[in-house]
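Let's take a walk through this structure together, moving from ring contacts to helix packing and on to the loops. Have the coordinates open as you read.

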Amino acid sequence: MTEQTDSLYRSERDSMGDRQILSSVYYGIQTLRATENFPISGIKPLSTYVDACLLIKKATAIVNGELGCIPPEISQAIVKAADEILAGNLRDQFVVDVYQAGAGTSHHMNVNEVLANRALEILGEQKGNYQRVSPNDHVNYGQSTNDVIPTAIRIGGLLALAHTLHPALDQAIASLTDKAAEFQDIVKSGRTHLQDAVPVRLGDNFQAWACILGEHQNRIYTASGDLMVLGLGGSAAGTGLNTHPFYRGRVVQILAELINSPLEPAPNLMAAMQSMAPFVNVSGALRNLAQDLVKISHDLRLMDSGPKTGFKEIQLPPVQPGSSIMPGKYNPVMAEMTSMVCFQVMGYDSAIALAAQAGQLELNVMMPLIAYNLIHSIEILGNTINSLTKSCIQGITANRDRCLAYAEGSLALVTALNPHIGYLNAAAVAKESLETGKSLREIVIAKGLMTADELAAVLNLEQMSGVSPLRAEQIEID
């Protein structure tokens, strides 16, 4: 209910009483109470999460209008209001802190109230006239926080993956593959345990990273399949109370059209509402990606270390001055930022796991935390990979001479001599080279273990560093 008191305020009533609300705002009394109850972080709902809720409300308004559950003019006004906000209007009206009432009721009512008040304006009515368009009876017809919010997490996750993370991974994989081709003829020293190892190709390092990211993308695609199974239509407890018999299947069909993704109704609505396993699964895939991204970012920093006292096998593009006191210093800031974001994603994953096991009976009330952490993880990972690719990977250059010098000076070259002079002789040669500074070639020839021509054939860096492709005939099938 509403009562206009003056031009600045309107009066609204809920089951707890009356409150004065600024006439200019589109949210209502339940949102106002939530802003007062939860002055926690100042973090407002993610735009993608708001979009997901709006798309759900648009789909439900269409279906409830089709089925005669709400008047057609109200259905149309809600749809128009949702479209306006999806286009960018009234985005400042979603004001509830991400740390809020369990299950997400506060945010859910924020969405319902904003849509109801904008729909009222579209119909020529004043905001707050909920007898004409009600946040609960019309915008929320046949719905509950308990089925809308887990559906919104699914839709928000799918939107974030499609719009942010997958395009970023596609570009990163392509850029790493390009660099692999560019650097394929550059031989460098391999390193294991941070000690000299047999020579490798710089291009193969980049191709391995491209492969790693591609494998993670496939894991994320597989995990995200769980997000396409929706419990919308379960209403308060998964029984479908107060929903039309045809509502459940039709609303999922409309949502699938709206986001251009294959969606299907959950075979068991209670299970879809109670279990947070799909979100844990996707978050785990994100954590797995983050862990390897940290490793790659650390590799980039090591290979660029120096310029005088480190490896300096590659040059990462300088993007900003690196010190407030040391002139001319440049730091691998894009790689550093990548690690920090990945650590945050790993932390979010831990919080999601804790929240997922904290449900009771018919509901998990920790969904607001899961919603924010999951969608935010997807988006900051996507943005990070995008920035790393554009501001770092694509501009990497190689220090060819330094790579070759390390490869030629590595004691690990003695590994290639094992089949020819034996492990113990090879170890003795390596030890003498380290103690005297003499080259491996000098010592082997002086000891009469091999001829110069034999050594030249064995210590061929190009041959030693090449990755042999696995041919079909090399695979034994039992």
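Is Phe183 buried or exposed? Its relative accessibility is 3%, and with the limit for burial set at under 20%, Phe183 counts as buried. Please keep in mind throughout that this is a predicted model.

Phe183 is a good place to start, since its ring has company. It forms an aromatic pair with Phe206, with 5.3 Å from centre to centre and 65 degrees between the planes. Planes over 60 degrees apart count as edge-to-face, and that is the class of this pair. Where do the two partners sit in the fold? Phe183 belongs to the loop between helix H6 (145-182) and strand S4 (187-192), while Phe206 is part of helix H7 (residues 202-224), so the pair ties together parts that lie 23 residues apart in sequence. Phe206 is buried as well, with a relative accessible area of 0%. If you look around the two phenylalanines you will find Trp209, which joins Phe183 and Phe206 in one aromatic cluster. Across the model, the count of aromatic pairs comes to 3.

Rings also meet a charge in this model. Which rings does Arg191 lie over? One is Phe311: the charged end of Arg191 sits over its ring, 3.9 Å from the centre. Another is Tyr406, where Arg191 lies over the face at 5.4 Å from the ring centre.

Now step back to the helices. Two packed helices are described by the angle between their axes and the distance between the axes. Take H6 again, this time with helix H12 (residues 367-391): they pack at an angle of about 15 degrees, and their axes are 8 Å apart. Angles under 35 degrees count as roughly parallel, so H6 is roughly parallel to H12. The crossing of H6 and H12 is left-handed. What kinds of residues make up this contact? The contact of H6 with H12 divides into 17 nonpolar, 9 polar and 2 charged residues.

A second helix pair, H10 (residues 277-303) and H11 (residues 333-356), packs at an angle of about 160 degrees, with 8 Å between the axes. Over 145 degrees the label is roughly antiparallel, and H10 and H11 are therefore roughly antiparallel to each other. Their crossing is left-handed. By class, the contact of H10 with H11 holds 13 nonpolar, 7 polar and 4 charged residues.

Follow the chain out of H10 and you come to the loop between H10 and strand S8 (314-315), where Ser305 has its place. Ser305 is partly exposed, at a relative accessible area of 23%. Although Ser305 and Pro332 are 27 residues apart in sequence, their C-alpha atoms are 8.6 Å apart in space. The loop between H10 and S8 also holds Pro307, and here the backbone deserves a look. Most residues other than glycine have a negative phi, and most peptide bonds are trans. Gly306 and Pro307, however, are joined by a cis peptide bond, with omega at about 5 degrees.

Beyond S8, the loop between S8 and H11 contains Pro317. With 23% relative accessibility, Pro317 counts as partly exposed. How far apart in space are Pro317 and Gly395? From C-alpha to C-alpha they are 5.6 Å apart, with their positions 78 residues apart in sequence.

Two residues show the other backbone feature, a positive phi. Ala103 has a phi near 75 degrees and sits in the loop between helix H3 (72-86) and helix H4 (105-122). Ala103 is buried, with a relative accessible area of 1%. Asn260, with a phi near 55 degrees, is found in the loop between helix H8 (247-259) and strand S7 (264-265). Here the surroundings are open: Asn260 is exposed, at 71% relative accessible area.

To finish, return to the loop between H3 and H4, where you will also find Asp92. Unlike the buried Ala103, Asp92 is exposed, with a relative accessible area of 58%. Asp92 and Val252 are 160 residues apart in sequence, and their C-alpha atoms lie 28 Å apart in space.

Key
Residues numbered from 1 in each chain as written. Predicted model: local features only at pLDDT ≥ 70, side-chain atom pairs only at ≥ 80, totals over all residues. Heavy atoms only, no water. Axes fitted to C-alpha atoms, helices over the stretch in contact; angles between N-to-C directions. Helix = DSSP H or I, 4+ residues; strand = E, 2+ residues; numbered from the N terminus. Parallel < 35°, antiparallel > 145°, perpendicular 65-115°, else oblique. Left-handed = near helix turned anticlockwise from the far one by under 90°. Nonpolar A, V, L, I, M, F, W, Y, C, P; charged D, E, K, R; others polar. Phe/Tyr/Trp six-rings, centres within 6.5 Å; stacked < 30°, edge-to-face > 60°. Buried < 20%, exposed > 50% of the residue type's maximum accessible area, 1.4 Å probe, protein only. Lys NZ or Arg CZ within 6 Å of the ring centre and 35° of its normal.
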